[in-house]
Amino acid sequence: MSLSHIEPFQHRLFCFPLHCLRTHEVLDTGEQLMVPIDVLEVDNEGALWKFLLSGAMAGAVSRTGTAPLDRAKVYMQVYSSKTNFMNLLGGLRSMVQEGGFRSLWRGNGINVLKIAPEYAIKFSIFEQCKNYFCRVHGSPPFQERLLAGSLAVATSQTLINPMEVLKTRLTLRRTGQYKGLLDCAWQILEQEGTRALYRGYLPNMLGIIPYACTELAVYEMLRCFWLKSGRDMEDPSGLVSLSSVTLSTTCGQMASYPLTLVRTRMQAQDTVEGSNPTMRGVFQRILAQQGWPGLYRGMTPTLLKVLPAGGISYVVYEAMKKTLGV
């Protein structure tokens, strides 16, 4: 999950009529890629691939542009402690000193690579949920909206969890530790076994609920606020849409962040201690060593990257659609 970690999902596709969400097309905060609303309105299969390609390209550019902040977040989550307190600038400085300026993009390759399967899985689940809930009930109630979004995220995260583990290891790798993606996967399988590829799975799944409830509640609240202020929500401006989705996504990330941090620590635990951690053990270790603030280590770069990531993906998506003629 970004969430981070668990990361954001498009439950609001099932909240309102599609024409009310015309500008909620794409948002990639660097954690997960949301399926553009345009994709779900397309009947012409010939045009479908253009929307999918536009969304995938938007996610790739967005994640690449904010990769240094993403690596700083993971670095701070794993290595920051009471005795080694690390702020954002200190984390970036340490990474550059260890591996040079290019090291700020370590792990970005697989982060971009996993967009395609993540996108395909989410689209398939979203489409099935949309067909079932919307045709049977029209505008589905809260519980069904929550279930639809949670199913899409849970399914995609279950299938791409090994790629999340590889991304974390490659992001934290020292210079020369791995020769590449395949070498990283081989070393994990040889030294730790297949189960290591599903480290962090439990907190990832548990984080879906606080993220989903918080994001949906904030989005509903903002929508009611805009309606009460007399603004036209039938055709909201791009700024209103982007700010609403960004704020609700940010609140969802904050609600689920402790579980996202625990997931990252479990995925990277061999890097730190060489042990086989449990979720409870990691929680207890963080609280014992750093207290409650330790559960929010790395939150600063997470918050800083939300707006630029969302803005970049929005602009690139629109540009790609224009280029492809859709």
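## A guided tour, starting at a cysteine

Select Cys 251 to begin: with a relative accessible area of 22%, Cys 251 is partly exposed. The cut-off for buried is under 20% relative accessible area, so Cys 251 does not count as buried. Now select Cys 184, which is buried, its relative accessible area being 0%. How many disulfides are there? The count is zero. As you look around, keep in mind that this is a predicted model.

**Step back to the whole protein**

Zoom out and switch to a cartoon view. The protein has 14 helices and zero strands. Reading from the N terminus, you will meet α-α-α-α-α-α-α-α-α-α-α-α-α-α. What share of the 326 residues is buried? Buried residues account for 55%. Next, turn on the surface: the protein exposes about 13900 Å², and 63% of that comes from carbon and sulfur atoms.

**A nonpolar patch on the surface**

With the surface still on, select Val 96, Phe 101 and Trp 105. Together they make a nonpolar surface patch of about 280 Å². Click on Val 96 by itself and you are in helix H4, which covers residues 88-99. Val 96 has a relative accessible area of 33%, so it is partly exposed.

**Charged pairs inside**

Hide the surface and show side chains as sticks. Side chains of opposite charge can pair when their charged atoms come close. A search of the whole structure finds 10 salt bridges, and you can visit a few of them here.

Select Arg 63 and Glu 118. These two form a salt bridge, with their closest N and O atoms 3.6 Å apart. This pair links distant parts of the chain: Arg 63 sits in helix H2 (residues 45-65), Glu 118 sits in helix H6 (residues 115-137), and 55 residues separate them. Are these partners buried or exposed? Arg 63 is buried, with a relative accessible area of 0%, and Glu 118 is buried as well, also with a relative accessible area of 0%.

Next, select Glu 164 and Lys 114. Their salt bridge has its closest N and O atoms 3.0 Å apart. Here, too, the pair links distant parts of the chain, 50 residues apart: Glu 164 belongs to helix H7, while Lys 114 is in the loop between helix H5 (108-113) and H6. Both Glu 164 and Lys 114 are buried.

For another salt bridge, move to helix H14 and pick Glu 318 and Lys 321. Their side chains meet at 3.7 Å, N to O. Why are they separated by about one helical turn? Because Glu 318 and Lys 321 are three residues apart in helix H14 (residues 299-324). Glu 318 is partly exposed, at 29% relative accessibility, whereas Lys 321, at 9% relative accessibility, counts as buried. Now return to the earlier two pairs and select all their residues at once: Arg 63, Lys 114, Glu 118 and Glu 164 are joined into one network by salt bridges that share partners.

**Along helix H7**

Stay with helix H7 and select Lys 167, which has its place there. At 7% relative accessibility, Lys 167 counts as buried. Which residues does Lys 167 contact, leaving aside its neighbours within four places in sequence? They are Asp 70, Gly 107, Ile 110 and Asn 111. Look closely at Asp 70: its side chain and that of Lys 167 are joined by a polar contact of 3.0 Å.

**The loop that follows**

Follow the chain out of helix H7 (142-172) and stop at Gln 177, in the loop between that helix and helix H8 (181-192). Gln 177 counts as partly exposed, at 23% relative accessibility. Show the side chain of Tyr 178 too, and you can find a polar contact of 3.5 Å between the side chains of Gln 177 and Tyr 178. Not counting residues up to four places away in sequence, Gln 177 touches Asp 183 and Gln 187.

**Last stop: helix H9**

Finally, select Asn 204 in helix H9 (residues 201-206). Asn 204 is buried, with a relative accessible area of 0%. Add Leu 261 to your selection and draw a line from C-alpha to C-alpha. How far apart in space are Asn 204 and Leu 261? They are 9.7 Å apart, although 57 residues separate them in sequence.

Conventions. Residues are numbered from 1 along each chain as its sequence is written. This is a predicted model: local features need pLDDT of at least 70, side-chain atom pairs count only at pLDDT 80 or more; totals for chains, interfaces and linings use all residues. Side-chain values use heavy atoms; hydrogens and water are left out. Helices (H or I, at least four residues) and strands (E, at least two) are DSSP runs, numbered from the N terminus. Buried means under 20% relative accessible area, exposed over 50%, partly exposed in between (1.4 Å probe, protein chains only). Contact means heavy atoms within 4.5 Å. A polar contact is a pair of N or O atoms within 3.5 Å; within protein, one must be able to donate a hydrogen and the other to accept it, and residues adjacent in sequence count only if both atoms are side-chain atoms. Accessible areas come from the Shrake-Rupley method with a 1.4 Å probe; for residues, only the protein chains shown count as cover. Patches are made of residues with over 30% relative accessible area and no salt bridge: like charges are joined within 9 Å, nonpolar side chains (Val, Leu, Ile, Met, Phe, Trp, Tyr) within 5 Å. A salt bridge is a side-chain nitrogen of Lys or Arg within 4 Å of a carboxyl oxygen of Asp or Glu. A disulfide is a pair of cysteine sulfur atoms within 2.5 Å.
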